[in-house]
Amino acid sequence: MEVAAEVASGAAETVPFVQVTNLARTLRHLQDVHRIFVVGAAGEADVGLFQADLTGPLALVMGAEGEGMRRLTRETCDQLVRLPMAGH
C-alpha cells in the first residue's frame with residue numbers, strides 16, 4: 001500500500017480505497033444491495049472510457065498492470081471500458 005500511495009500523486013488521500021478478501025462477492029453486494037454500477041477497465045473492451053455513461057453511483061475496478069482483472073472479477077462487472085493510452 002505504501003508504494004501505491006507514493007505513486008498516486010496525492011490521490012490516495014482523496015479517493016476511497018477499500019481492501020476486501022473476496023472481490024467478486026463484494027462487487028455483487030455493491031450491485032445487489034447498494035445498486036452501484038460496476039465498471040471494469042479492460043484493454044479489449046469495445047467501449048472507451050469517455051464514451052461510457054458513468055453517471056450515478058459506480059465502482060471502478062482496475063486490474064493489475066499487465067495481467068488485468070481476474071476472470072470472475074471481469075464477469076461480475078456490469079460494463080467493461082477501455083482506458084485511453086498515450087504513447088506506446
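Here is a short chat about the salt bridges and a surface patch in this predicted model.

Author: Residues are numbered from 1 along each chain as its sequence is written. Local features need pLDDT of at least 70 and side-chain atom pairs 80 or more, while totals for chains, interfaces and linings use all residues, and side-chain values use heavy atoms, leaving out hydrogens and water.

Reader: What makes R74 and E44 a salt bridge?

Author: A salt bridge needs a side-chain nitrogen of Lys or Arg within 4 Å of a carboxyl oxygen of Asp or Glu. The closest N and O atoms of R74 and E44 are 2.2 Å apart, so the pair fits that definition. R74 sits in helix α3 (residues 71–76) and E44 in the loop between β1 and β2 (47–48), 30 residues apart.

Reader: Why is R74 called partly exposed?

Author: Buried means under 20% relative accessible area, exposed over 50%, and partly exposed in between, using a 1.4 Å probe and protein chains only. R74 comes in at 25%, so it counts as partly exposed.

Reader: And why is E44 called exposed?

Author: Because its relative accessible area is 52%, and the cut-off is over 50%.

Reader: How many salt bridges are there in the structure?

Author: Two. R71 and E75 also meet in one, at 3.0 Å from N to O. Both lie in helix α3, four residues apart, about one turn of the helix.

Reader: Why does F37 count as partly exposed?

Author: F37 has 32% relative accessibility, so partly exposed is the label. You'll find F37 in strand β1 (residues 37–41).

Note on methods:
Helices (H or I, at least four residues) and strands (E, at least two) are DSSP runs, numbered from the N terminus.
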